[in-house]
Amino acid sequence: MPETFYITTPIYYVNDKPHIGHAYTTLLADILARHHRATGRKVLFLTGTDEHGQKVAKAAAKREIAPQKHCDKMVKRFQDLWKRLEITNDDFIRTTEKRHVQVVRRILQDLYDKDLIYKADYEGRYCVPCERFFTDKDLGDEGECPECGRKTDEIVESNYFFRMGNYQDWLVDYIKSHPEFIQPPFRANETLGFLRQPLDDLCISRPKSRLAWGIELPFDSDYVCYVWFDALVNYITAPGFASDPERFDEFWPADIHLIGKDILTTHTVYWPTMLKAMGVELPKTIFAHGWWLSGSGKMSKSTGNVVNPMDMIDKHGVDAFRYFLAAEMSLGQDAVFSEDTFVSRYNSDLANDLGNLVSRAVKLIARNNDGIIPHPGAETALEEELKDAALSAAKTMDDSIENMKLDRGIAAVMAAAKAGNRYMEKTAPWKLAKSDPENRLDTVLLSVAELLRIVSGLLEPVMPSKTREIRERLGIQAGPASTAPLDKWEASVAGASVLDAGPVFPRIDTAKSAAGGKAEKQATIKNKKEPAMEDNEKTNTVDLITVDDFFKAKLKTAKILEAEKVEGADRLLRLQIDIGEEKRQIVAGIAQFYSPENLVGKSIVVVSNLKPAKIRGVESNGMLLAARIPAGGLGLVTLDGDIPPGCSVG
Ligand code: MSP
C-alpha cells in the first residue's frame, strides 16, 4: 500500500466570486498534491465550498433568489476557476450536500447525547443591521458596532453551546507537546496567546427566527447549526467519517490543513476541541499562510483593489500566474501583489533565465547535431559543477516542500537554470568544433539537456503545462527520460529529438503591457534588492541609456543608524538611515553578507527617489547600492573620506 497524503484547503464562502486569496491556497495545495503524487504517494486533495450561514444567506437575499439556487450558481465560479488554474483536486465538497449534512447532524446528536452540547441563555450586544453579536471588548466606546458603527442592543437569546471550555488545558498541552501541529511556529504562539484567556463554551446554534439558512439541529428544529461548526466537519466528511470507515482510516488524520492566517482560531481551537469531543484524532499539521496585499494594503472590494485571478490568467497565461504566486510568497509571511512585480519576475526568471536556456539548448542541438541530443564524452570540472547545481536544486526542492518553504525550493531550481546559462557562457558551445576529438560539444549539449530535464521535472508541480512544453522541445515528454529520477544525473536524454518551435516563455513587452514601462524598471530594482536570488547575467539584454536616464535616479549618501533582521525573511535587513534632510527605513537583501551590528555607522549610497515598496510586508523607502561579486558574495558601495549624509552622488 502506498503511503497516503491528505491535504485540504479551506472551503470557500459562496457569497462572492473567487479572488487571489482563494486561488493562492488552492494552488499551493495543488502544488503539494502534485509533488506528493509524483513521489508515489496516494493523495487525497480536498477543496470545496462553505454554503451555509449568514454571509451566504445575505448574498442570496440581495440577489432575491433562494439560498440554494444562489449556491448552485456561485459554486460554478469556483469550479471554473479551479479548472482554469489546472487544479487537480480529488474531491470537491459542498456543505449543502447530503453526505455532509448527515455527518454534521450525527455529530451534533452524539455530542448532545453525551451532554457535551447544552442549552443556555446567551446574553450579548447585538447589532441588528449586521445581524451579529459582539463581545464588550470589540465594541466602540459608546457600545457601538465595530463593523458599521451603529448602536448595538443588549439581547438575551436561548442557544445551544458546545463545552469547548472543558478542553482548554488539554489543548494547551497538546499544542506544546506537538510542535508540528500548528505551523509556522509563531502561529502556535498566537494560539497559545489566545488560550491564555479563559476559553468559553462555543455557541453552535442560531435560532431560525434570526437565520434559517443552515443545517437543522437534530434535537431542536427551531435552530440551525452555526456555520463554522458545520464547515469544519467537511474535512472528515470527505474521507468517509461515519460513512466509509476503511477509507477514513486510510486518509485520516489529514497531513495538512492549509489555511489563511485569519482563520487560525477556528482551526486551531474550535476544530481540535470538536475532534477531541468526538474521540477523533487531530490533523497532523495546520499551516497558516500570510495574506496577499495590494501596494496600498489589504485587498478589499470597497477599495477596488482585489485581484481577479481569471483576469491575470487571461492576460498572462495560467502557468505564469501559478509560478508568480508560488515563487513570490514566502510561506507564512504576507506578500504584495502588483502587476509590475509580476511582469518583472516573469521576464527575469522565466523569459530570461529558464526560457533563454531552453531556446539556446534546443537551437544548438538542432544546428549542430541534426536535432538529436548527443551521447556525452568525458566530463570536466564544469560538468561536475553543473551536475551539483542540478542535484542540489532537487534536494532543496524536496526539503523545501517537506518544510513548507516552497519559494526557497523554486529559487533553488531557478538558480540551477542560471547556472545552466553561466555554463553555456563558459563552455561557449557555439565555438566548439564538431570534429573535436574529445567530443566536447557533445558533452556540453548533453549536459544542458540533462539539466533541463531535471529543472523541468522539479518545476512540473508549479507549471504543469509549460514544463510539458519544455520537455516537448527537448523530445523527452515520453520514453525513459520522461520518468527518469530527478535526483540522479544520467544520460537518459541522449538520443531524443529536439523541436525548435520558438520561445516557451515569450518576453512580456512592458511597453505594450498595461503595467507600462514601470515594470521594466522594477525588474532591475528587484534584482538589486534581493542579491541572494543571484543576478541573472543580463548584460546582453540591457539597453544603453542616456545621461538623462541615469539622472532620473537620485543617488544620495546616507548613514546607517540602526539595522535589524526582518523576522521570517532570511535575506532581509531593515535599516534606519539618515539621508540628510530626513530619516528613512529601507529593506535590503544583504542579511547573508552583513550582520546588523557591523552595519551601524557605515556611510553608504542609496537611490533616494525610489517609489516606496513593501518587501515581505515591511515598508522600504529607497534602495542601497552594492556590488555583486561573481564568485558569490556582495560588497556595499561605501564612501571615500568623511562625507556627510544627504550629498548627491552622480
Ligand atoms: N468559509 C471559511 C473557511 C471555512 S474552512 C472550514 C472562509 N472562507 S473565505 O472564503 O472567506 O476565505 C477562505 C480563505 O481565503 C481563507 O483561508 C482566507 O485566509 C483566504 N484569503 C482571503 N483573502 C486573502 C488574501 N488577500 N490573501 C490570501 N488569502 C486570503 O473563511
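I take two strands as paired if DSSP finds at least two bridges between them. The structure I examined is a predicted model.

**Entry 1. The sheet with S15**

I looked first at strand S15 (residues 292-294) and found that S15 and S17 pair in the parallel sense over three bridges. Within this pair, Ser294 stands opposite Phe337 in S17. I then traced the sheet to which they belong: an open sheet of three strands, in the order S16-S15-S17, with mixed pairing. Strand S16 (297-298) and strand S17 (335-337) are at the edges and have a single partner strand each, so one side of each is left without a neighbour in the sheet.

**Entry 2. Strand S12 and its partners**

Which strands pair with S12 in the antiparallel sense? I noted strand S10 (residues 205-207), which pairs with S12 (residues 220-225) over three bridges. Pro207 has Tyr223 of S12 as its bridge partner. I also noted strand S11 (residues 216-217), which pairs with S12 over two bridges, again in the antiparallel sense. Here Leu217 is opposite Asp220 in S12. Two residues make up the hairpin that joins S11 to S12.

**Entry 3. Salt bridges**

I recorded a count of 39 salt bridges. One of them joins Glu3 to Arg41, with the closest N and O atoms 3.3 Å apart. This pair links distant parts of the chain, as Glu3 is in the segment before strand S1 (4-8) and Arg41 is in the loop between helix H1 (20-38) and strand S3 (42-50), 38 residues apart. Is Glu3 buried or exposed? I found that Glu3 counts as exposed, because its relative accessibility is 55%. Arg41, at 18% relative accessibility, counts as buried. I also found both residues in a network of salt bridges that links Glu3, Arg41, Asp255 and Lys284.

I next examined Glu250 and Lys42, whose side chains meet in a salt bridge at 2.7 Å, N to O. Glu250 is in helix H9 (residues 245-251) and Lys42 is in strand S3, so I entered this as a link between distant parts of the chain, 208 residues apart. Lys42 is partly exposed, with a relative accessible area of 34%.

A further salt bridge joins Lys261 and Asp334, where the closest N and O atoms are 3.0 Å apart. Lys261 is in the loop between strand S13 (256-260) and helix H10 (264-278), while Asp334 is in the loop between H12 and S17; the two are 73 residues apart. Lys261 counts as partly exposed at 27% relative accessibility. Asp334 counts as buried, because its relative accessibility is 19% and the cut-off for buried is under 20%.

**Entry 4. Helix H12**

I located Ala327 in helix H12 (residues 318-328). Ala327 is buried, with a relative accessible area of 5%. How far apart in space are Ala327 and Arg345, C-alpha to C-alpha? I found 9.1 Å, for a pair that is 18 residues apart in sequence.

**Entry 5. A positive patch**

I looked last at a positive surface patch, which is formed by Lys17, Arg63, Lys69, Lys73 and Arg77. Which helix gives the most to the positive patch? I identified helix H3 (residues 67-84), which gives three residues. Lys69 lies in H3. Lys69 is exposed, because its relative accessible area of 53% is over the 50% cut-off.

Methods:
Residues are numbered from 1 along each chain as its sequence is written. This is a predicted model: local features need pLDDT of at least 70, side-chain atom pairs count only at pLDDT 80 or more; totals for chains, interfaces and linings use all residues. Side-chain values use heavy atoms; hydrogens and water are left out. Patches are made of residues with over 30% relative accessible area and no salt bridge: like charges are joined within 9 Å, nonpolar side chains (Val, Leu, Ile, Met, Phe, Trp, Tyr) within 5 Å. Accessible areas come from the Shrake-Rupley method with a 1.4 Å probe; for residues, only the protein chains shown count as cover. A salt bridge is a side-chain nitrogen of Lys or Arg within 4 Å of a carboxyl oxygen of Asp or Glu. Lys and Arg count as positive and Asp and Glu as negative; His and the chain ends are not counted. The place of a charge is taken as NZ of Lys, CZ of Arg, CG of Asp or CD of Glu. Helices (H or I, at least four residues) and strands (E, at least two) are DSSP runs, numbered from the N terminus. Buried means under 20% relative accessible area, exposed over 50%, partly exposed in between (1.4 Å probe, protein chains only).
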